[in-house]
2 protein chains.
Amino acid sequence: MKSTILKSLCLSLAMISSSAALAAADTEPASPRNVILIVGDGMDDHQITIARNYLAGSRGKINLDEMAFRSSVQVLTVDDKDPSKPIYVADSANSATSLATGEVTSRGRISTSAKYDKDLVTIVDLAKQAGLKAGIVTTSSITDATPSSFVAHISQRECENPDMMVDAVIYQRKPVDCSQDVKAKGGPGSISEQLAASNVDVLLGGGMEHFTKQAEGSSKSVLEQAEGNGFYIADSAEKLKSAPAEKKLLGLFAEGNLPERMAYEGEREAEQPNPSMLNYLHKYLGSVEMPDTVKCEPNAAFGDTPELKEMTAVAIDRLSGNKDKGFFLMVESASIDKASHQRRACGQIGELQQLTEALDVALNFAEKNENTLVLVTADHGQAAQLMPDTSLFEAFNLPAYSPGFVARVETPEGVTMAVNYATNGLFAEEHTGVNVPLFANKEGVGRVPTMLAQPDIFNVMTRYLNLN
Amino acid sequence: MKSTILKSLCLSLAMISSSAALAAADTEPASPRNVILIVGDGMDDHQITIARNYLAGSRGKINLDEMAFRSSVQVLTVDDKDPSKPIYVADSANSATSLATGEVTSRGRISTSAKYDKDLVTIVDLAKQAGLKAGIVTTSSITDATPSSFVAHISQRECENPDMMVDAVIYQRKPVDCSQDVKAKGGPGSISEQLAASNVDVLLGGGMEHFTKQAEGSSKSVLEQAEGNGFYIADSAEKLKSAPAEKKLLGLFAEGNLPERMAYEGEREAEQPNPSMLNYLHKYLGSVEMPDTVKCEPNAAFGDTPELKEMTAVAIDRLSGNKDKGFFLMVESASIDKASHQRRACGQIGELQQLTEALDVALNFAEKNENTLVLVTADHGQAAQLMPDTSLFEAFNLPAYSPGFVARVETPEGVTMAVNYATNGLFAEEHTGVNVPLFANKEGVGRVPTMLAQPDIFNVMTRYLNLN
């Protein structure tokens with residue numbers, strides 16, 4: 001009977017699943033607390049299911065599936081002209097701003113407010129003020145939207161280096177203008193300049209091309225400015241390992257984003273089904289030729305790029321030296337999203353695998369350091385859909401095929417898995433507005449509700465670290 | 001300090017999140033236990049987010065969001081010719097069979113095994129054998145795949161009535177053959193005949209057309225056979241309310257599926273974007289005209305059809321009379337799926353709203369009857385995607401549009417929500433293979449892992465009811 005009573009008491013406690021959980025004050029921790037936030041960019045449930053089928057089989061499990069707690073996250077975006085008006089689909093800039101600052105903003109903004117362009121305080125700002133260590137690790141350029149939103153503040157995500165600030169144009173079509181943020185006007189400068197000037201302890205990713213540019217109003221490059229600000233620069237896996245412990249660490253392992261680990265055989269992408277002439281006349285006539293089934297293979301371009309798990313291990317090792325204060329670390333597997341935009345199913349799978357490996361590193365640390373909250377989430381949904389390879393309507397003997405692009409991947413269990421990309425026909429697929437998953441280790445139980453708005457993840461983390 | 005210790009003990013208990021949770025033996029309950037399983041057909045996270053945006057606003061919550069526990073379900077399907085081979089996308093027949101029997105089967109099968117066509121024991125079979133009451137409520141025809149899988153056993157879901165058993169053809173294209181299951185060969189007959197012959201206490205939904213057919217080897221209709229087997233037949237909302245308590249209840253409120261509550265203004269469906277002539281020449285040229293933004297409105301055809309919440313209330317009322325034994329009830333909102341197949345975003349939203357109302361009825365009952373496990377899940381994913389109404393690439397001023405069909409719905413918060421349907425161009429969209437959500441009330445905490453395979457839901461339910 002006692003155990004029954006205890007159990008029912010426990011259920012009551014464990015089920016604090018509403019906003020009351022967020023409001024519950026944590027008492028001062030006995031030993032320093034750490035937060036490791038792992039973000040799978042674009043990693044919605046389709047992405048996870050696609051990767052699981054490939055990596056562990058249709059009945060298999062990956063480490064995300066074994067996490068102690070699972071929740072769902074409502075992604076919020078507002079219109080830049082009228083912030084009272086919701087937009088139902090986010091980009092990585094505004095969703096990373098939600099995670100980093102607890103505030104809802106408009107697409108393309110890096111920790112600045114919609115319409116009014118006010119700088120928003122980030123969890124890294126708060127952590128450093130409170131004497132904690134802080135680090136950012138990503139497989140994208142470190143100046144890309146997700147990583148930079150935790151440190152920088154600027155009106156447009158494209159302003160990644162000093163040359164992109166005024167009169168810049170992307171692909172001759174998209175005008176970029178961050179002229180109000182230039183140093184000459186008292187602004188903080190471009191994203192790479194803000195990172196170089198920051199007091200973040202560890203910054204690891206790609207994006208060397210944004211640091212070799214000449215800094216505004218200086219004869220030095222942004223990289224030289226970073227060195228002047230106490231950063232050791234690592235541009236290889238070797239230098240990453242041998243970086244001196246007493247310096248801040250800026251690791252830049254590619255000119256732009258890091259290469260993806262896995263590629264579609266023959267460097268192919270998803271392809272459009274090829275209908276017969278008769279099918280052009282009427283959609284119920286004729287036949288269709290589907291793209292070949294293709295295997296995934298290691299991406300030759302990956303070479304000796306540091307893996308996400310290696311960067312994560314180095315970051316945790318350096319940040320956890322802070323014995324009395326703890327740390328905040330954000331780790332992003334960025335190219336789950338980038339591969340999905342460009343219809344590379346194997347790229348998505350390989351980068352989700354990198355995320356699970358980084359999660360293993362984080363969970364191992366958390367097991368030995370009990371006051372460590374590990375959260376894994378996505379910033380927004382992506383276009384990729386796990387679709388039937390054999391239509392539900394096959395018995396009707398009709399030419400049923402996707403109007404978009406289809407990747408037909410042979411999984412290790414010997415079955416063809418079809419991934420559909422059909423949100424537009426241009427160079428990149430769209431994001432989607434679906435709720436995204438949130439996973440927590442046992443430290444999250446009772447602290448994270450079963451469903452929450454994305455900015456509340458900031459509140460969960462800052463409350464855990466006693467930063468508010 | 002005491003509360004801290006209690007809390008940490010409790011966390012350990014509450015976090016039994018692996019298969020160990022499934023194995024934990026429940027002791028004999030003090031009062032009868034009940035299970036209410038609510039199935040949203042095709043209700044993946046896209047569907048929930050789309051409905052929430054409409055029903056509660058982008059920052060709002062619906063009752064699913066406030067459930068005590070949230071988990072994720074791996075949907076499993078196998079090839080009928082080679083059951084060792086997985087198929088990555090299910091249909092409602094094989095996924096309902098997983099829920100009803102704990103076994104994985106192939107598409108189209110109603111609680112029979114892949115390849116070998118063996119009858120599989122359902123939770124309703126077990127419940128009735130153990131003296132519990134049992135009921136099935138749906139907005140589809142009661143003979144449709146999901147409801148029938150809990151009671152009937154047949155090789156093909158299309159064999160809904162005696163006329164569909166031998167030499168039947170659907171739309172002149174799809175041959176249907178359940179000749180091995182005809183009564184003349186010692187089989188149990190068609191689905192409607194099996195339901196009519198069953199000992200299920202409550203069967204509510206549509207599908208009168210499958211019961212007015214002449215039963216095999218009899219001068220009677222299937223409906224007359226049902227009456228002969230002790231069923232009171234209700235064919236109106238009034239008769240549903242006044243049904244005599246001592247009889248079994250068969251409610252059939254439409255010839256086929258029940259009408260959907262909500263419709264797209266002007267009975268429209270999603271439409272294909274209309275590109276300019278120039279855009280036909282090259283996808284980066286020209287412009288595109290998107291479908292109009294349309295409001296949702298009550299569906300005039302709904303009339304005085306009983307709502308899902310009414311049917312659920314009647315079912316619970318009749319089943320809960322079983323004071324010493326408890327009950328099993330399956331409630332399905334079926335047309336979330338059917339509306340999504342046919343690109344009716346408003347239909348999806350209205351039927352998901354019906355599910356939330358039925359859930360309210362179930363939760364109210366569970367609050368007063370503590371030994372009641374309420375589970376809500378979906379059987380499989382659907383094509384509908386919440387897509388940006390304004391492309392992420394709008395600043396590039398390119399004709400970005402879906403290659404499929406788009407519904408542009410004006411939400412009550414005055415914003416256009418775009419829903420994309422792009423898995424094929426034929427009469428119906430495909431399902432998807434994404435993991436689906438599972439929600440539980442507090443009785444599910446510690447009994448449901450954070451991720452499980454769909455057949456394990458059967459195990460959770462039968463263990464809770466001490467049926468195994």
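These exercises work through a predicted model with chains A and B.

**Exercise 1. How are the two copies related?**

Find the turn and the shift that lay chain B on chain A, and say what kind of axis relates the copies.

Solution.
- Two copies of a chain are related by a rotation about an axis and a shift along it.
- Here the turn is 180°.
- The shift along the axis is 0.0 Å, and the RMSD is 0.0 Å.
- The two copies are thus related as by a two-fold rotation axis.

**Exercise 2. Describe the side of chain B that touches chain A.**

State how many residues take part, which elements supply them, and of which classes they are.

Solution.
- Count the residues: 73 of chain B are in contact with 73 of chain A.
- List the elements of chain B that give two or more residues to this side: α1 (2-14), α3 (45-55), β2 (69-74), β19 (385-387), β21 (416-421), β22 (431-432) and β24 (451-453).
- Pick out the top contributor: α1(B) gives the most, with six residues.
- Sort by class: this side of chain B has 35 nonpolar, 23 polar and 15 charged residues.
- Compare the two chains: 100% of the interface residues of chain B are also interface residues in chain A, so the copies meet through the same surface.

**Exercise 3. Locate the largest nonpolar core.**

Give its number of residues, its best-connected members, and its place relative to the domains of chain B.

Solution.
- The largest nonpolar core has 262 residues.
- The residues with the most contacts inside this core are I38(A), F328(A), V419(A), I38(B), F328(B), A345(B) and V419(B).
- Domain 1 of chain B covers 31-261 + 299-384 + 436-464, and domain 2 covers 270-295 + 390-428.
- Both domains give residues to this core, so it lies between them.
- Now follow one member, V419(B). Beyond four places in sequence, V419(B) touches I50(B), A270(B), A345(B), A384(B), Q385(B), L386(B), M387(B), V406(B), A407(B) and V409(B).

**Exercise 4. Check helix α11 of chain B.**

Test its span against the expected value, then decide whether the helix is enclosed or open.

Solution.
- Helix α11(B) runs over residues 308-319 and has 12 residues.
- At 1.5 Å a residue, the helix should span 16 Å; its end C-alpha atoms are 16 Å apart, which agrees.
- Nine of the 12 residues of α11(B) are buried, so the helix is largely enclosed by the rest of the structure.
- These buried residues are L308(B), M311(B), T312(B), A313(B), V314(B), A315(B), I316(B), R318(B) and L319(B).
- Their cover includes β5 (133-141), β8 (202-206), α9 (237-242), β10 (248-252), β16 (327-333) and α13 of chain B.
- Turn to chain A. The 12 residues of α11(A) should also span 16 Å, and the end C-alpha atoms are 16 Å apart, which agrees.
- α11(A) is mostly covered, with nine of its 12 residues buried.

**Exercise 5. Place C346(B).**

Is C346(B) buried or exposed, and what does it touch?

Solution.
- C346(B) sits in helix α13 (residues 345-368) of chain B.
- There are 26 other C-beta atoms within 10 Å, and the cut-off for buried is 20 or more, so C346(B) is buried.
- Setting aside neighbours within four places in sequence, its contacts are M262(B), A263(B), Y264(B), C296(B) and V409(B).
- C346(B) and M262(B) are 84 residues apart along the chain, yet their C-alpha atoms are separated by 5.7 Å.

**Exercise 6. Contrast two residues with positive phi.**

Compare the surroundings of Q172(A) and R343(A).

Solution.
- Most residues other than glycine have a negative phi.
- Q172(A) has phi near 60°, and R343(A) has phi near 65°.
- Q172(A) is in the loop between β6 (168-170) and β7 (174-176) of chain A.
- R343(A) is in the loop between α12 (335-341) and α13 of chain A.
- Q172(A) is exposed, with 6 other C-beta atoms within 10 Å.
- R343(A) is buried, with 26 other C-beta atoms within 10 Å.

**Exercise 7. Examine I170(A).**

State which strand holds I170(A), and whether I170(A) is buried or exposed.

Solution.
- I170(A) lies in strand β6 of chain A.
- I170(A) has 12 C-beta neighbours inside 10 Å, so it counts as exposed.
- Not counting residues up to four places away in sequence, I170(A) touches E158(A) and V176(A).
- I170(A) and M262(A) are 92 residues apart in sequence, and their C-alpha atoms are 28 Å apart.

Terms used
Residues numbered from 1 in each chain as written. Chains lettered and ligands numbered in written order. Predicted model: local features only at pLDDT ≥ 70, side-chain atom pairs only at ≥ 80, totals over all residues. Helix = DSSP H or I, 4+ residues; strand = E, 2+ residues; numbered from the N terminus. Contact = placed C-beta atoms within 7 Å. Least-squares fit on C-alpha atoms with pLDDT ≥ 70 in both. Nonpolar A, V, L, I, M, F, W, Y, C, P; charged D, E, K, R; others polar. Core = buried A, V, L, I, M, F, W, Y, C linked by C-beta atoms within 7 Å. Domains from an automatic or database assignment. Expected span 1.5 Å × (residues − 1).
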